[in-house]
Amino acid sequence: MTYVWIDVLLLAKLAERPWHGYELRKKVEESSGRALSNNSLYPALRRFAEAGAVTRTAEPQEGRPPRHVYTITDVGRELLHDLLADLPPELAGDPAEFLARLAGFGRLAPEERLRVLDARRTAVEAQRDRLAKLGADQADPWSRLVLAEVQRRAENEQDWLASLRTRAG
């Protein structure tokens with residue numbers, strides 16, 4: 001499965017300035033709290049380069065092999081915008097996918113922000129409803145406790161999403 005949040009975070013960092021791979025990985029981790037492995041980073045950068053979303057330039061280093069610096073292109077900026085503005089239902093239930101887009105809300109128009117928030121709200125509502133049904137049918141008290149806690153978290157997120165909606169519009 002491809003995690004779109006990785007693409008969103010990488011392109012957003014590259015939109016700030018060119019980076020070499022190690023710096024880029026560190027900057028994504030510092031800004032998102034998400035650990036990013038080289039097995040995720042470099043295949044994504046390769047895909048971006050093949051799609052014309054980034055350019056890769058070898059930068060000479062004294063006494064070492066050259067390091068590659070990645071720079072976002074206009075195609076990459078357009079791709080970043082499209083990824084930020086779209087949160088499809090199959091990804092809307094994943095917190096990492098939503099939070100990656102939320103971090104880029106400054107690049108979106110108010111109506112685009114609202115569409116992303118609405119997609120997440122719909123996913124959280126469905127999760128909350130599913131958890132309520134599971135909890136009602138659960139005989140084990142500890143499992144009921146877990147389901148109730150996850151449901152409570154979903155309800156808290158709904159409140160947070162409502163406050164974000166006010167700010168985003």
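A residue counts as buried when its relative accessible area is under 20%, as exposed when that area is over 50%, and as partly exposed in between. Keep those cut-offs handy, because they sort Trp160 straight away: with 36% relative accessibility, Trp160 is partly exposed. One thing to know before going on is that this is a predicted model.

**An aromatic pair**

Trp160 has a ring partner. Searching the whole structure turns up 1 aromatic pair. The ring centres of Phe98 and Trp160 sit 6.2 Å apart with their planes at 90°, so this pair is edge-to-face. Phe98 belongs to helix α6 (residues 95-103) and Trp160 to helix α8 (residues 141-168), so the pair ties together parts that are 62 residues apart in sequence. The two partners also get their own labels for accessibility. Phe98 has 1% relative accessibility, so Phe98 is buried, while Trp160, at 36%, counts as partly exposed.

**Salt bridges**

Next up are the charged side chains. Side chains of opposite charge can pair when their charged atoms come close. How many salt bridges are there? The count comes to 14.

Take Arg47 and Asp7, whose side chains meet in one of these salt bridges, 3.0 Å from N to O. Arg47 lies in helix α3 (residues 38-51) and Asp7 in helix α1 (residues 4-16), so here a salt bridge ties together parts that are 40 residues apart in sequence. Is Asp7 buried or exposed? Its relative accessible area is 8%, so Asp7 is buried. Arg47 has 38% relative accessibility and is therefore partly exposed.

Other salt bridges stay inside one helix. Glu30 and Lys27 form a salt bridge with their closest N and O atoms 3.6 Å apart. These two are 3 residues apart in helix α2 (residues 21-32), so about one helical turn separates Glu30 from Lys27. Glu30 is exposed, with a relative accessible area of 55%, and Lys27 is partly exposed, with 31%.

Helix α7 (residues 110-137) gives a second example: Asp137 and Lys133 are 4 residues apart there, which means that about one helical turn lies between them. The closest N and O atoms of this salt bridge are 2.9 Å apart, and both Asp137 and Lys133 are exposed.

Salt bridges can also join up into a group. Asp118, Arg121, Glu125 and Arg165 are linked in a network of them.

**A negative patch**

Which residues gather in a patch of negative charge on the surface? They are Asp74, Glu78, Asp82, Asp86 and Glu90. Helix α4 (residues 74-85) supplies the largest share of the patch, with 3 residues.

Two members are worth a look one at a time. Asp74 is found in helix α4. Its relative accessible area is 66%, so Asp74 is exposed. Glu90 sits in helix α5, and Glu90 is exposed as well, at 62% relative accessibility.

**Along the chain and through space**

Now compare separation along the chain with separation in space. The table lists some residue pairs with both values.

| Pair | Apart in sequence | C-alpha to C-alpha |
|---|---|---|
| Ala92 and Arg120 | 28 residues | 5.0 Å |
| Ile72 and Tyr22 | 50 residues | 16 Å |
| Leu24 and Gly63 | 39 residues | 22 Å |
| Glu90 and Lys26 | 64 residues | 28 Å |

Some of these residues can be placed in the structure too. Ala92 lies in helix α5 (residues 89-92), and its relative accessible area is 1%, so Ala92 is buried. From Ala92 to Arg120 the C-alpha distance is 5.0 Å, with their positions 28 residues apart in sequence.

Ile72 is part of strand β3 (residues 64-72). With a relative accessible area of 8%, Ile72 is buried.

Leu24 has its place in helix α2. Is Leu24 buried or exposed? Leu24 is buried, because its relative accessibility is 0%.

Glu90 is back in the table, this time paired with Lys26: their C-alpha atoms are 28 Å apart. Unlike the buried Leu24, Glu90 is exposed.

Technical notes:
Residues numbered from 1 in each chain as written. Predicted model: local features only at pLDDT ≥ 70, side-chain atom pairs only at ≥ 80, totals over all residues. Heavy atoms only, no water. Patch = residues over 30% accessible without salt bridge, like charges linked within 9 Å, V, L, I, M, F, W, Y side chains within 5 Å. Areas by Shrake-Rupley, 256 points an atom, 1.4 Å probe, with all protein chains shown as cover. Salt bridge = Lys/Arg side-chain N within 4 Å of Asp/Glu carboxyl O. Lys, Arg positive; Asp, Glu negative; His and termini not counted. Charge placed at Lys NZ, Arg CZ, Asp CG, Glu CD. Buried < 20%, exposed > 50% of the residue type's maximum accessible area, 1.4 Å probe, protein only. Phe/Tyr/Trp six-rings, centres within 6.5 Å; stacked < 30°, edge-to-face > 60°.
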